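Thank you all for making the time this morning. I would like to walk through one model with you, going from the overall dimensions to a few individual residues.

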Amino acid sequence: MSLDPKVAALLKRNGDGLVPAIVQQYDTGEVLMLAWMDDQALHRTLTTGRATYWSRSRSEYWVKGDTSGHVQHVKAVALDCDGDTVLLKVDQVGAACHTGDRTCFDATPLEVSAAP
């Protein structure tokens with residue numbers, strides 16, 4: 001099976017055939033991570049309810065939580081207005097980041113010093 005052609009037609013992929021996927025905790029709005037998807041990863045996500053991504057470093061699909069136990073149960077998926085980013089709203093079990101942090105954005109907060 002493959003991605004619904006109507007959905008595929010809406011996607012604007014990068015040169016590698018990928019779109020960024022922003023992952024958000026469905027009930028709090030907390031931004032958990034950013035990953036990459038191709039058509040097959042999006043299809044698998046939509047049809048299984050488990051977040052599936054394309055690993056650029058390993059050149060393979062990975063289902064979040066299959067090895068770590070830190071599963072993402074998909075509650076909703078949306079495309080942005082340009083079709084070049086996917087938003088996944090998930091129920092995150094355990095850490096979202098490969099470092100063991102709750103989110104991939106916990107480690108290095110940056111100071112903003114610009115005046116409004």
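How does the radius of gyration of the protein compare with that of a compact globule with 116 residues? Before I answer, please keep in mind that this is a predicted model, in which local features need pLDDT of at least 70 and side-chain atom pairs count only at pLDDT 80 or more, while totals for chains, interfaces and linings use all residues. Residues are numbered from 1 along each chain as its sequence is written, and side-chain values use heavy atoms, with hydrogens and water left out.

The protein has a radius of gyration of 15 Å, which agrees with the value near 13 Å for a compact globule; the radius is taken over C-alpha atoms, and the globule rule is 2.2 Å times the number of residues to the power 0.38. Along the principal axes, the C-alpha trace spans about 45 × 35 × 30 Å.

From the N terminus on, the elements run α-β-β-α-β-β-β-β, with helices (H or I, at least four residues) and strands (E, at least two) taken as DSSP runs numbered from the N terminus. Strands β5 (residues 72–79) and β6 (residues 86–92) run antiparallel and are joined by 7 bridges, where pairing requires that DSSP finds at least two bridges between two strands. Within this pair, Val74 has Val90 in β6 as its bridge partner, and in the hairpin, which has 6 residues between the strands, Gly83 takes a positive phi near 75 degrees.

Let me turn to burial, where buried means under 20% relative accessible area, exposed over 50%, and partly exposed in between, with a 1.4 Å probe and protein chains only. Met37, in strand β2 (residues 31–37), is buried, with a relative accessible area of 1%. Among the residues that Met37 touches, leaving aside those up to four places away in sequence, are Val19, Trp54 and Leu88, a contact being heavy atoms within 4.5 Å. The C-alpha atoms of Met37 and Trp54 are separated by 5.2 Å, although these residues are 17 apart along the chain.

Gln24, which lies in strand β1 (residues 19–25), counts as buried because its relative accessibility is 18%. With the same sequence neighbours left out, the contacts of Gln24 include Val31, Leu32 and, in addition, Val90, the bridge partner of Val74.

As a contrast, Phe105, in the segment after β6, is exposed at 52% relative accessible area.
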